[in-house]
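Colleague: I would like to go through this model with you, one question at a time. Please keep the answers short.

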Protein chains: 2
Amino acid sequence: MNNFRFNAYTDIRFGKNQVEALPELIAPLGKKVLMVYGGGSIRKNGLYDKVKTLLADFEVFELAGVEPNPKITSVREGVKICKKENIEVVLAVGGGSTIDASKVIAAGANYDGDPWDLVVDNNKIGKVLPVVTVLTLAATGSEMNKNAVISNMETNEKLGTSSHNFIPRASICDPTYLFSLPASQTAAGTADIMSHIFEQYFQHEKRAFITDRFAESLLKACIKYCPIALKEPDNYEARANLMWASTQALNSLLSCGKGGAWTCHAIEHELSAYYDITHGVGLAIITPRWMRYILNEDTVEKFCEYAKNVWDITEEDPYKCANMAIDATENFFRACGIPMTLKEVGIDESKLQVMAENAVRRGGLMNAYVSLNVEDVVTILKACL
Amino acid sequence: MNNFRFNAYTDIRFGKNQVEALPELIAPLGKKVLMVYGGGSIRKNGLYDKVKTLLADFEVFELAGVEPNPKITSVREGVKICKKENIEVVLAVGGGSTIDASKVIAAGANYDGDPWDLVVDNNKIGKVLPVVTVLTLAATGSEMNKNAVISNMETNEKLGTSSHNFIPRASICDPTYLFSLPASQTAAGTADIMSHIFEQYFQHEKRAFITDRFAESLLKACIKYCPIALKEPDNYEARANLMWASTQALNSLLSCGKGGAWTCHAIEHELSAYYDITHGVGLAIITPRWMRYILNEDTVEKFCEYAKNVWDITEEDPYKCANMAIDATENFFRACGIPMTLKEVGIDESKLQVMAENAVRRGGLMNAYVSLNVEDVVTILKACL
């Protein structure tokens with residue numbers, strides 16, 4: 001069991017109507033608030049009006065239109081407002097994209113250069129304005145972590161950056177905000193959660209027993225509740241467990257004592273950077289093919305643990321057992337309605353090579369669970385076609 | 001799934017040699033430190049010298065001799081030092097008793113009256129000096145939570161108090177500090193951890209799926225690793241998993257979405273208040289008898305869940321299945337070397353009635369998993385004789 005730091009200090013307010021706590025949570029942080037949000041969904045479901053009413057005593061500025069796979073162009077806009085208006089708090093109302101953009105905006109407010117610098121090199125991140133979030137999607141875990149992923153479509157780059165100061169001060173997690181999500185987003189969000197778990201679970205360190213059991217607990221929650229949420233979008237129990245799974249899957253709890261060995265995210269970021277596809281869909285497509293590719297003498301035992309503890313598979317032959325679990329994973333994503341081939345999301349063979357090269361060039365894959373080179377990544381991507 | 005707040009903001013530094021981070025962690029909080037500790041064990045194992053050396057640049061005052069079941073008399077001594085020396089940070093080096101005492105000392109420093117008032121009525125707790133801990137026992141979870149339990153032997157009271165401001169700012173959790181623990185403390189500490197889990201797990205709210213799976217994960221860790229730690233006191237993997245289980249079992253993670261329904265603690269506090277026995281031992285004695293007593297049509301399903309998910313019991317008859325799990329629990333504690341009757345710890349029938357009356361009078365038991373009156377508690381305690 002490796003040494004670790006765990007300090008997920010976000011004040012989580014989870015449940016129905018918790019948004020009422022917003023004024024009390026923001027007041028100690030400042031009066032001048034930049035409210036960041038995405039498309040029009042929070043206007044349609046009344047959340048926009050609710051937040052504005054609650055913050056009547058604050059001076060609220062707005063940045064609307066943050067995209068899925070949030071773009072550095074939106075971040076730059078937000079930073080401009082912060083500097084011009086001396087913003088004190090950044091309030092993200094939305095999913096992971098909105099929250100990620102808000103984090104880099106909050107850092108950019110205290111940085112003199114182009115905020116893209118902070119994405120490329122997190123050593124340049126200094127002071128960060130406090131970030132508060134109202135979560136509307138169960139997926140990225142950004143509501144309780146130090147990560148942000150920003151895309152630059154000019155350079156075809158989608159890069160992660162992180163800072164301990166990015167961790168939101170408080171997050172409102174109200175599962176009823178998920179009721180109106182389209183099925184495709186519920187499914188893709190769940191795939192994202194599961195991928196976060198896999199990226200930490202499949203790792204060489206075997207002695208972090210609690211961390212592995214926690215990971216399996218969250219996987220079981222996703223497998224149990226995503227189909228329910230798809231059938232009954234306003235099933236509170238299902239939405240609540242998915243929302244809490246998303247937060248716990250990536251607040252560093254699952255890397256305690258073992259770290260992470262991120263592979264699928266490194267590959268998927270290239271797909272999104274070139275084709276702007278839904279992150280969770282890309283992950284769902286890649287994951288089972290990656291699992292099959294890396295199944296070997298070293299990894300089969302871990303896959304059997306996964307099979308037994310998550311899927312209740314009792315098959316005794318190790319490889320058969322492992323493959324049954326991998327098939328179950330792929331079938332689960334397909335049953336959730338996720339397009340499970342690259343062709344279905346408009347990706348053909350033409351850029352596989354360059355995307356694989358980029359994924360490997362950025363580092364990380366050499367130290368993944370099973371080390372991958374360009375040829376390996378191309379083979380995995382071809383299996384995804 | 002009930003609404004909840006989760007804000008366990010402690011900066012956990014877990015692993016070998018993490019104590020080196022102490023100066024960096026304390027520096028932002030102040031220069032004048034009250035170091036609180038218990039008996040001489042930290043002098044024997046070198047931790048006392050290590051901490052003093054690390055804090056050479058700080059002004060360190062000391063309060064030694066905090067007892068197991070920490071007494072209000074020690075708290076009063078600590079408060080005196082804080083007020084006289086204008087202490088800025090309270091550093092607890094020890095187990096839950098030392099940490100609990102430190103929390104109330106840190107609150108008492110900012111309170112004009114007798115600190116016992118803060119135990120009796122937590123509404124009187126105002127500002128609290130920052131508390132930092134170096135943990136030397138896996139048991140109470142005090143290193144990451146808002147609770148403190150203090151005993152007053154003059155009034156035969158052992159009472160819990162709590163404040164969000166009690167949560168330690170940082171805690172050093174180095175599993176190697178557990179290597180020198182006597183077997184009796186390892187076992188009693190594990191019983192304490194397991195009781196914390198039971199008190200939250202056995203509850204009516206059934207929809208907090210993730211929370212229940214997390215609870216089972218931690219129980220499995222205790223069941224797997226306590227026997228290993230007893231046989232091989234310096235087994236790092238075993239000590240590390242027990243230490244992390246202790247922290248996670250009572251940092252409010254296991255009450256997310258379901259709260260707690262504390263029963264055995266309410267009863268055990270009376271045993272400790274009258275007989276000053278080891279808390280974990282009292283809990284181990286009471287727990288299986290309590291489980292048998294409350295097993296009924298309403299609770300049998302939960303006990304079967306416990307049987308299946310924690311003990312891998314596959315018996316189909318529900319009551320048989322539940323009783324097998326309860327027997328397994330009792331046998332586990334006995335196999336760990338814990339004295340499993342009240343007689344063995346010097347308690348006879350003479351005070352059962354008054355202890356039961358006190359336990360019920362303090363409230364709580366009426367709202368427990370299964371509501372208990374004085375007669376119920378006496379029956380449970382008699383079964384413990």
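Colleague: In β5(B), which residue is the bridge partner of B:Leu34?

Modeller: Bear in mind that this is a predicted model. Strand β3 (residues 32-37) of chain B and β5(B) run parallel, joined by five bridges. In β5(B), B:Leu34 has as its bridge partner B:Val90.

Colleague: And in β6(B), which residue is the bridge partner of B:Leu91?

Modeller: Strand β6 (residues 131-135) of chain B also pairs with β5(B), in the parallel sense and over five bridges. Within β6(B), the partner of B:Leu91 is B:Val132.

Colleague: Is strand β5 of chain B largely enclosed or open, and how many of its residues are buried?

Modeller: Look at the two faces. B:Val89, B:Leu91 and B:Val93 point one way, while B:Val90, B:Ala92 and B:Gly94 point the other way, and all are buried. In a regular strand, side chains alternate between the two faces of the sheet. The strand, residues 89-94, is largely enclosed by the rest of the structure, because the number buried is six of the six.

Colleague: Which residues have the most contacts inside the largest nonpolar core?

Modeller: Nonpolar side chains tend to be buried together in soluble globular proteins. Here the largest nonpolar core has 278 residues. One of its best-connected members, B:Leu91, touches B:Ile26, B:Val33, B:Leu34, B:Met35, B:Val36 and B:Val132, leaving aside neighbours within four places in sequence. The residues with the most contacts inside the core are A:Val36, A:Val90, A:Leu91, B:Val36, B:Val90 and B:Leu91.

Colleague: Now the two chains. Which element gives the largest share of the side of chain B that touches chain A?

Modeller: The contact draws 33 residues from chain B and 33 residues from chain A. On the chain B side, β1 (4-6), β2 (11-14), α8 (209-231) and α9 (236-249) each supply at least two residues. The largest share is nine residues, and it comes from α8(B).

Colleague: How many residues on that side of chain B are nonpolar, polar and charged?

Modeller: Sort the residues of chain B that touch chain A into the three classes. The split is 15 nonpolar, nine polar and nine charged.

Colleague: Strands meet across the chains too. Which residue stands opposite A:Phe6 in β2(B)?

Modeller: Strand β1 (residues 4-6) of chain A pairs with β2(B). The sense is antiparallel, over three bridges. Opposite A:Phe6 stands B:Ile12.

Colleague: What kind of axis relates the two copies?

Modeller: Chain B superposes on chain A by a rotation of 180° with 0.0 Å of shift along its axis, at an RMSD of 0.0 Å. The copies are therefore related as by a two-fold rotation axis.

Colleague: In chain B, which residue has the C-alpha nearest the axis?

Modeller: That C-alpha lies 2.1 Å from the axis. The residue is B:Tyr9.

Colleague: What percentage of the interface residues of chain B are also interface residues in chain A?

Modeller: The copies meet through the same surface, because the shared portion is 100%.

Colleague: Turn to chain A alone. How many residues does each domain give to the contact between them?

Modeller: Chain A is divided into domain 1 (11-177) and domain 2 (181-384). Taken over C-alpha atoms, their centres are 26 Å apart. On the domain 1 side, β2 (11-14) and β8 (157-162) each supply at least two residues. The contact takes 18 residues from domain 1 and 27 residues from domain 2.

Colleague: Is A:Leu137 buried or exposed?

Modeller: A:Leu137 sits in the loop between β6 (131-135) and β7 (147-152) of chain A. Beyond its neighbours within four places in sequence, A:Leu137 is in contact with A:Gly95, A:Gly96, A:Leu181, A:Gln185 and A:Gly189. There are 28 C-beta neighbours inside 10 Å, so A:Leu137 counts as buried.

Colleague: A:Asn69 lies in the loop between β4 (59-63) and α4 (72-85) of chain A. Is A:Asn69 buried or exposed?

Modeller: A:Asn69 has a positive phi, near 45°, in a residue other than glycine. Its count is 20 C-beta neighbours inside 10 Å, so A:Asn69 is buried.

Colleague: And A:Asn86, buried or exposed?

Modeller: A:Asn86 is in the loop between α4 and β5 (89-94) of chain A. Its phi is also positive, near 50°. With 10 C-beta neighbours inside 10 Å, A:Asn86 counts as exposed.

Note on methods. Residues are numbered from 1 along each chain as its sequence is written. Chains are lettered from A and ligands numbered from 1 in the order in which they are written. This is a predicted model: local features need pLDDT of at least 70, side-chain atom pairs count only at pLDDT 80 or more; totals for chains, interfaces and linings use all residues. Two residues are in contact if their C-beta atoms, placed from the backbone, lie within 7 Å. Helices (H or I, at least four residues) and strands (E, at least two) are DSSP runs, numbered from the N terminus. Ala, Val, Leu, Ile, Met, Phe, Trp, Tyr, Cys and Pro count as nonpolar, Asp, Glu, Lys and Arg as charged, and the others, Gly among them, as polar. Two strands pair if DSSP finds at least two bridges between them. Copies are superposed by least squares on the C-alpha atoms of residues with pLDDT of at least 70 in both. Domain bounds come from an automatic or database domain assignment. A residue is buried if 20 or more other C-beta atoms lie within 10 Å of its own, exposed if 12 or fewer, and partly exposed in between; C-beta atoms are placed from the backbone. A nonpolar core is a set of buried Ala, Val, Leu, Ile, Met, Phe, Trp, Tyr and Cys residues joined through C-beta atoms within 7 Å.
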